[in-house]
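Reader: Hey, got a minute to walk me through this one? I'd like to start with what "buried" is supposed to mean here.

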Amino acid sequence: MNNESKGLVTSSASSFSLYSKEKLKWILKSLCLGQILAFSNALSGVFNKIISTESEEYTPAIRTFLNYVLLCLTFGIYFLRKNGLSVHRSKNGLKCFVNALLDVEAWYWIYRSYSLTSLTSVQALDCLSIPVVFLISRSLLGRVYNRNQVLAVIISVLGVSVVVYSDYIYTTDNSNIKGDLMCAIGAILFGISTVSQEWILDSLGVYEYIGTVCWYAAFISIIKVLVLELDGITACIHWRVSVPLLGLASSQFVFYAVMPRMITLFGSGSAFINMLAADLYAVVAGVALFRMSYSALYILGMFVSCMGIVLYTVWSPTSCQVEVVKTGGGEDDESSDALIEVKHQDP
């Protein structure tokens with residue numbers, strides 16, 4: 001085998017083994033990153049619920065602002081020293097500003113809803129982002145999803161729908177409906193924000209994007225704090241509120257550090273379908289921390305939703321393409337070796 005044949009495997013059995021290993025590696029990587037997103041999202045939900053329980057003041061803008069401050073102190077300062085204002089002055093700067101505005105508003109409404117509805121309902125209603133992501137990414141970015149992926153999404157959304165339905169059966173609090181509507185608005189905005197993020201990442205590096213957006217988001221958030229939540233600043237000084245606030249900012253920091261990477265490697269659709277696992281973590285947190293009880297219907301919905309996540313990941317095309325190239329005595333030469341070349345590309 002000559003130098004040009006490096007990376008080529010001549011056995012069909014070994015090629016199948018290599019492909020299987022690449023597929024397994026891709027699935028595990030997708031699940032790992034996706035579950036980091038889901039766990040950090042669920043953890044931020046727990047901290048949000050604690051803050052809403054301990055404080056009567058509505059402070060969603062303050063909560064988002066602290067997260068953006070952490071991002072500015074790390075990614076923001078690093079890339080400002082490295083690149084200066086070059087990105088801010090370009091067309092990408094305007095894109096990042098619009099994306100930051102969408103992101104701030106999305107989290108504002110989601111955080112606001114924690115004061116009016118249950119933790120699990122907020123996590124479940126996040127599924128509204130999924131059809132938004134799929135529709136916009138298909139029309140704006142030209143993303144194509146196969147039938148199996150669409151089926152997996154339908155399974156997951158049906159499972160979450162059962163969760164929400166069971167929540168309405170066992171509650172008579174009208175404020176839950178208002179909170180659910182706020183969460184639905186936030187989820188739709190977050191879906192739009194994520195697709196625009198994927199669009200921007202086509203021309204910017206992952207952490208260059210974070211280092212640019214965080215400044216705009218922090219600026220927008222501080223304006224909202226000054227206009228809407230000045231009275232809530234004093235309430236956040238008490239340790240019962242300040243400690244979960246720091247926990248919330250930390251969990252969201254992890255979420256923002258991983259999310260662009262997940263989108264770059266696997267797409268926004270995969271990111272959102274994996275984040276449905278946050279519903280499962282929310283159930284565990286609800287039982288352990290808030291002494292919540294759940295019906296059999298709720299548990300069934302959670303199981304169906306998690307099955308959809310696994311099926312979506314398994315049925316998604318990998319970043320591994322296998323090409324069979326014949327060498328030797330032409331088309332009719334059955335004894336010629338089949339060379340399998342494995343190429344890597346982002347899906």
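Author: Sure. Buried means under 20% relative accessible area. Keep in mind that this is a predicted model.

Reader: OK, so is Lys-224 buried or exposed?

Author: Lys-224 has a relative accessible area of 13%, so Lys-224 counts as buried. Lys-224 lies in helix 8.

Reader: What is Lys-224 in contact with, leaving aside its neighbours within four places in sequence?

Author: With that restriction, Lys-224 contacts Ala-61, Val-104, Glu-105, Tyr-108 and Glu-229.

Reader: Which residues of helix 3 meet helix 8?

Author: From helix 3 there are Gly-93, Cys-96, Phe-97, Asn-99, Ala-100, Leu-101, Val-104, Glu-105 and Tyr-108. The helix 8 side includes Tyr-209, Tyr-216, Ile-220 and Lys-224. By class, this contact has 12 nonpolar, 4 polar and 2 charged residues.

Reader: And at what angle do helix 3 and helix 8 pack?

Author: About 50°, with the axes 8 Å apart. That angle makes helix 3 oblique to helix 8. Their crossing is right-handed.

Reader: Now helix 2 and helix 3. What's the angle there?

Author: Helix 2 and helix 3 pack at about 130°, and their axes are 8 Å apart. Helix 2 and helix 3 are therefore oblique to each other. This crossing is right-handed.

Reader: Which residues make that contact?

Author: Helix 2 brings Pro-60, Ala-61, Arg-63, Thr-64 and Tyr-68, while helix 3 brings Asp-103, Val-104, Trp-107, Tyr-108, Tyr-111 and Arg-112. They divide into 7 nonpolar, 1 polar and 3 charged.

Reader: Changing topic: how many aromatic pairs are in the whole structure?

Author: A search turns up 11 aromatic pairs. Take Phe-75 and Tyr-207: the ring centres are 5.4 Å apart and the planes are at 5°, so this pair is stacked.

Reader: Where in the chain are Phe-75 and Tyr-207?

Author: Phe-75 is in helix 2 and Tyr-207 is in helix 8, so to speak distant parts of the chain, 132 residues apart. Phe-75 is buried at 16% relative accessible area, whereas Tyr-207 counts as partly exposed at 35%.

Reader: And how are the rings of Tyr-78 and Phe-79 placed?

Author: Their centres are 5.0 Å apart and their planes are at 85°, so that pair is edge-to-face. Phe-79 counts as buried, with 13% relative accessibility.

Reader: Which residues form the aromatic cluster?

Author: Tyr-68, Trp-107, Tyr-111, Phe-190, Phe-255 and Tyr-256 form one cluster. You've met some of those names already: Tyr-68 of helix 2, and Trp-107 and Tyr-111 of helix 3, also take part in the contact between those helices.

Reader: Last thing, Glu-198. Is Glu-198 buried or exposed?

Author: Glu-198 is buried, with a relative accessible area of 4%. The residue sits in helix 7.

Reader: What does Glu-198 touch, not counting residues up to four places away in sequence?

Author: Glu-198 touches Leu-141, Arg-143, Ile-263, Gly-267 and Ser-268.

Reader: And Gly-267, where is that found?

Author: Gly-267 is in helix 10 and counts as buried at 11% relative accessibility. Not counting residues up to four places away in sequence, Gly-267 touches Glu-198 and Met-262.

Reader: How far apart are Gly-267 and Ser-137 in space?

Author: They are 9.2 Å apart, C-alpha to C-alpha, with their positions 130 residues apart in sequence numbering.

Methods:
Residues numbered from 1 in each chain as written. Predicted model: local features only at pLDDT ≥ 70, side-chain atom pairs only at ≥ 80, totals over all residues. Heavy atoms only, no water. Axes fitted to C-alpha atoms, helices over the stretch in contact; angles between N-to-C directions. Helix = DSSP H or I, 4+ residues; strand = E, 2+ residues; numbered from the N terminus. Parallel < 35°, antiparallel > 145°, perpendicular 65-115°, else oblique. Left-handed = near helix turned anticlockwise from the far one by under 90°. Contact = heavy atoms within 4.5 Å. Nonpolar A, V, L, I, M, F, W, Y, C, P; charged D, E, K, R; others polar. Phe/Tyr/Trp six-rings, centres within 6.5 Å; stacked < 30°, edge-to-face > 60°. Buried < 20%, exposed > 50% of the residue type's maximum accessible area, 1.4 Å probe, protein only.
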